[in-house]
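Hi everyone, thanks for making time. I'd like to walk you through a structure that most of you haven't seen yet, so let's put it up on the screen.

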Amino acid sequence: MITPALPAPRDAGRRTASSDESTTAWALAARGGDPDAVDRFVRALHRDVVRYVAHLSADPQAADDLAQDTFLRALGSLHRFEGRSSARAWLLSIARRAVVDSLRYAATRPRPADLPDWRPTAERAQPRGLPGFEDGIALLDLLAALPDERREAFVLTQLTGLPYAEAAEISGCPVGTVRSRVARARATLTAQLAEADASPAPAA
């Protein structure tokens, strides 16, 4: 059985450095009223936002709605964006608040007993191109079993590719705490993947 390898922590940072510069430049241009920059900004970060809220939210079927809410909030707040942090970190901090607000609102409402299947949306938010990801066990269930804070730190740094400092800013905790949460999450996921790989295949 093929199991997905965990993404290397440094690769994501190298992969997103130049894209962060571009998206930040587009955000600043969008703030100035450039409609093409608005489109580029949204397209560049839409997948990261959907992936993040799908993992962070207790209701992954709402990922698309939460992403839309995030961008509506962001576009309405662009006049306050000054580029001191990357546009990606700024946008994901807005996404985090959107999820928190959604959870608070949901807590005041009764939940229906028969929810539609949320997996297609959550699976669309999964990273592609990881070894074995198409053939093996998806990380979705394993990530869902992690404590919320560890899952958030792992998604921000290992899947979305944010530097630890920016992930700490979004999460509102020290950088060392984020590193610790990621290390614990990786250890748990690695152990779970190894256990799944060692499990005997079911009889035909």
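**A first look around**

Okay, starting from the outside: the protein exposes about 11000 Å², and carbon and sulfur atoms supply 52% of that. Keep in mind as we go that this is a predicted model.

What is it built from? There are 9 helices and 0 strands, so to speak an α-α-α-α-α-α-α-α-α run from the N terminus on. The protein has 204 residues, and buried ones make up 42% of them. Now look at the contacts with a separation of 6 or more: 71% of them are between residues 24 or more positions apart.

Before we zoom in, a word on confidence. The average pLDDT is 76, and 68% of the residues score at least 70. Where is confidence highest, and where is it lowest? Highest is α3, at 92, while the lowest is helix α5, residues 119–124, at a mean of 52. Two stretches have a pLDDT below 50. One of them is residues 113–118, with 5 contacts in the model beyond near neighbours in sequence. The other is residues 127–137, where the model has 25 such contacts. Where pLDDT is low, the predicted coordinates should not be read in detail.

Right, on to the inside. The largest nonpolar core has 46 residues, and the members touching the most others are Phe 41, Val 49, Tyr 52 and Val 178. Plenty of helices chip in at least two residues each, among them α1 (9–31), α3 (63–77), α4 (87–107) and α9 (175–198). Which helix gives the largest share? That's α2, with 9 residues.

Let's stay with Tyr 52 for a second. Leaving out residues up to four places away in sequence, Tyr 52 touches Leu 92, Ala 95, Arg 96, Glu 152, Val 155, Leu 156 and Ile 170.

Some of those partners bring us to α7. Glu 152, Val 155 and Leu 156 are among the buried residues of α7, and the helix is mostly covered, with 9 of its 12 residues buried. From its first C-alpha to its last, α7 reaches 15 Å, close to the 16 Å expected at 1.5 Å a residue. After α7 comes Gly 161, which has a positive phi, near 90°.

Now for two threonines. Thr 70 is in helix α3. Is Thr 70 buried or exposed? Its relative accessible area is 0%, and the cut-off for buried is under 20%, so Thr 70 counts as buried. The side chain of Thr 70 reaches the backbone oxygen of Leu 66 at 2.8 Å. Further along the sequence or back, past four places, Thr 70 touches Val 49, Leu 91, Ile 94, Ala 95 and Ala 98. You've met two of those names already: Val 49 was on the list of core members touching the most others, and Ala 95 is a partner of Tyr 52.

The other threonine is Thr 23, over in helix α1. With a relative accessible area of 2%, Thr 23 is buried. Not counting residues up to four places away in sequence, Thr 23 touches Phe 41, Ala 44, Leu 45 and Ala 87. And Phe 41, again, is one of those well-connected core members.

That's the tour. Happy to rotate the view if anyone wants another look.

Note on methods:
Residues are numbered from 1 along each chain as its sequence is written. This is a predicted model: local features need pLDDT of at least 70, side-chain atom pairs count only at pLDDT 80 or more; totals for chains, interfaces and linings use all residues. Side-chain values use heavy atoms; hydrogens and water are left out. A nonpolar core is a set of buried Ala, Val, Leu, Ile, Met, Phe, Trp, Tyr and Cys residues joined through side-chain atoms within 4.5 Å. Buried means under 20% relative accessible area, exposed over 50%, partly exposed in between (1.4 Å probe, protein chains only). Helices (H or I, at least four residues) and strands (E, at least two) are DSSP runs, numbered from the N terminus. Contact means heavy atoms within 4.5 Å. A polar contact is a pair of N or O atoms within 3.5 Å; within protein, one must be able to donate a hydrogen and the other to accept it, and residues adjacent in sequence count only if both atoms are side-chain atoms. The expected span of a helix is 1.5 Å times one less than its number of residues. Accessible areas come from the Shrake-Rupley method with a 1.4 Å probe; for residues, only the protein chains shown count as cover. pLDDT is the predictor's confidence in each residue, from 0 to 100.
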